[in-house]
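Got the structure open? Let's work through a few exercises together, one step at a time.

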Amino acid sequence: MRKLTSQKGFNLIEAMLAAALSSIVVFGAFLFFRIGSEQSQINQSLMNLKDSSREAIHKMVQEIRQSAPGHVIIEADGQSIRFKVPHPDHLLGPDFDVDWDSAHTVTYALGGADSRQIIRTDTTTGMTSVIANDITALRFSENSSPSRIVTITLDTQKTLSSGRAVPLTPLRLTAQADVRNP
Amino acid sequence: MKTRPLSQIGNQRGFVLTAVYLILALAAVFSVAYFSRCVAFVRANERNIHKTVAFNMAESGIDWAISQLTSNIEYTGTSAYVPLDTNFMRGGFTVSVTRDDSNPKIRIIRADGFAPSNDPAQRGYQTSSLLAYVQSGSGGSFRSGVFATDSIYMSGNAQTDSYDSRNGAYGGSNVAYNGSIETNTTGPKKVTLSGNVMIRGGVTVGPTESPSSVVSRSGNAMITGSISSNPAPVIFSDAVAPVSASGGLKLSGNTTYYLMPGTYHFTSMSITGNARLVPTGPVSIYVDGTIQIAGNGIATSENCPPNLLLYATGNSNVSFSGNASFYGAVYAPNSTVSISGNGSCYGAIIARDYKNTGNGHIHFDEALKEIQGGSTDEITFRAWQEKNTLLWGTGATTSGS
């Protein structure tokens, strides 16, 4: 017992100092992880945005290039496109030209939640699907009408739960589809 | 202050080392996660790039097949893997060309593009498959009774219709309403139809949203088909004579001049009076200067239009003014072709400007669709398809639709 009482412990000031220092260290670590986590979320969102937008553009280009110059119509405001896609199982008609009678008419336009989704509509079957989310602008253009080259431009931006927009200015992607069929 | 020896400090229990280990472990976990994500991102990029490269490789395969067909129209076969590796991208293609069973002029090209190679075990391996239908020696130039790139003027009692010389002579059941006329122009009233003109077929103009404005009708002029527009102007290559010119051909009086089957090239051509040019088989005649056909005209072998192909290599006028019928095809994309006689034309006409003020009819021979204008045996695309597209058939049916 005498041995225990003879031991020296922390006094109040030392304990408070230790607690204060620990708090600062813990707070710093918390801040560090929070900033790191937020940055990670931003990077993740940016990566996803780029990936999904690029995938959307790839899909649109792939489908538009199946069409032909006389079968692509870009609406006056340039925000939607309507075109014919030959049926994969009925590509040719009896005269060995593209069988446009069995082709489907497809449109791309902004719509859905907050009009920030690219909606693909197969107007022949009435089926719709969402091609991409978080799209702030979608533009189609062609050099002349009718043209073989259709230019697609989309702007994408995501708003995180923290209210922060990623990226700060919308990311713009552009691609050109060269319609292949005669 | 009492000092303690270093040996005693070493015996004390602390938590700093543990905390450092913990922080390092956390940092390591985050670093590994971040690194993994970066790797995933890089690989996604790599796949995207390979996807594009594979598509372009497949397109290269189509081009390769067409170059084979251009040098050898009868080419069929399957290529071995053709690598097209460069410093910046790697990939290649295989391609096969087959003949369509139902139409010997149709070739089916199947091309597969690969990136980075045709080994599926390669990282980021992507493929793309394309299918193309092309027609060899496809013709397509003589696609309607009259195609005048700049203007069409028809008056009098001119009429158009169609038949197919492969089914026999014109008449009876061998008559159809496919005697269309076409132009590339979009200017107002560039197609003028007056008098008793009857177009048994349609009128097709250049790419415009208001094709009717291009066509002017007056009197009793009628069009049985529709007035429409082509999606793009039709380009006609210049006729190039494959043989050297042998001077002018001038027939007059009661001369009858026989031509053996083959290809001829004259600096000019004039048939007047009761003169008659008599090819004894299929002939192609290239003329640099004016072409004047009157009198008894040309007696085409078997009265079969594909047996007489008349090419104007320059921009001089071509005129038909006799009363004899003409069986043949006129390819004069840079010339004015005028018809003022009463003789009918069985065949087709390609001109820059077309004027018909006579009473002769144009009976478009649909067999000429197989004939290629100009001098080259071109390969033309009929259809193109990318296999395994991502979006076909996707989606859900919306309610109410």
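Before we start, one definition: two strands pair if DSSP finds at least two bridges between them. Keep in mind, too, that this is a predicted model.

**Exercise 1. Take stock of chain A: list its helices and strands in order, and find the share of its residues that is buried.**

Solution.
- Start by counting elements: chain A holds two helices and eight strands.
- Next, walk from the N terminus, and you meet them as α-α-β-β-β-β-β-β-β-β.
- Now for burial: of the 182 residues in chain A, 28% are buried.
- Finally, look at contacts in chain A between residues at least 6 apart in sequence: 45% of them link residues at least 24 apart.

**Exercise 2. Work out the strand order of the open sheet with β6, β7 and β8 of chain A, and explain why β6(A) and β8(A) have a side without a neighbour.**

Solution.
- The order is β6-β7-β8 in chain A, with antiparallel pairing.
- β6 (135–142) and β8 (165–178) of chain A sit at the edges with a single partner strand each, so each has one side with no neighbour in the sheet.
- Ignoring direction, neighbouring strands here are turned by 10° against each other on average.
- Zoom in on one pair: seven bridges join β6(A) to β7 (residues 149–159) of chain A in the antiparallel sense.
- Pick a residue to check this on screen: Ala137(A) has Asp155(A), in β7(A), as its bridge partner.
- Then add the helix: α2 (residues 12–64) of chain A lies across β7 and β8 of chain A, at about 20° to β8(A).

**Exercise 3. Describe the contact between chains A and B: how many residues does each chain give, and which elements of chain B take part?**

Solution.
- Count residues first: chain A gives 29 residues and chain B gives 28 residues.
- On the chain B side, the elements that supply two or more residues are α2 (16–71), β5 (126–136), β27 (379–386) and β28 (396–397).
- β27(B) has the largest share of that side, with six residues.
- Sorted by character, the chain B side has 15 nonpolar, ten polar and three charged residues.

**Exercise 4. Find which strand of chain A pairs with β28(B), and which residue of β28(B) stands opposite Met127(A).**

Solution.
- The strand is β5 (residues 127–132) of chain A, which pairs with β28(B) in the antiparallel sense over two bridges.
- Opposite Met127(A) you'll find Thr397(B).

Definitions and conventions: Residues numbered from 1 in each chain as written. Chains lettered and ligands numbered in written order. Predicted model: local features only at pLDDT ≥ 70, side-chain atom pairs only at ≥ 80, totals over all residues. Contact = placed C-beta atoms within 7 Å. Helix = DSSP H or I, 4+ residues; strand = E, 2+ residues; numbered from the N terminus. Nonpolar A, V, L, I, M, F, W, Y, C, P; charged D, E, K, R; others polar. Axes fitted to C-alpha atoms, helices over the stretch in contact; angles between N-to-C directions. Buried ≥ 20, exposed ≤ 12 C-beta atoms within 10 Å, placed from the backbone.
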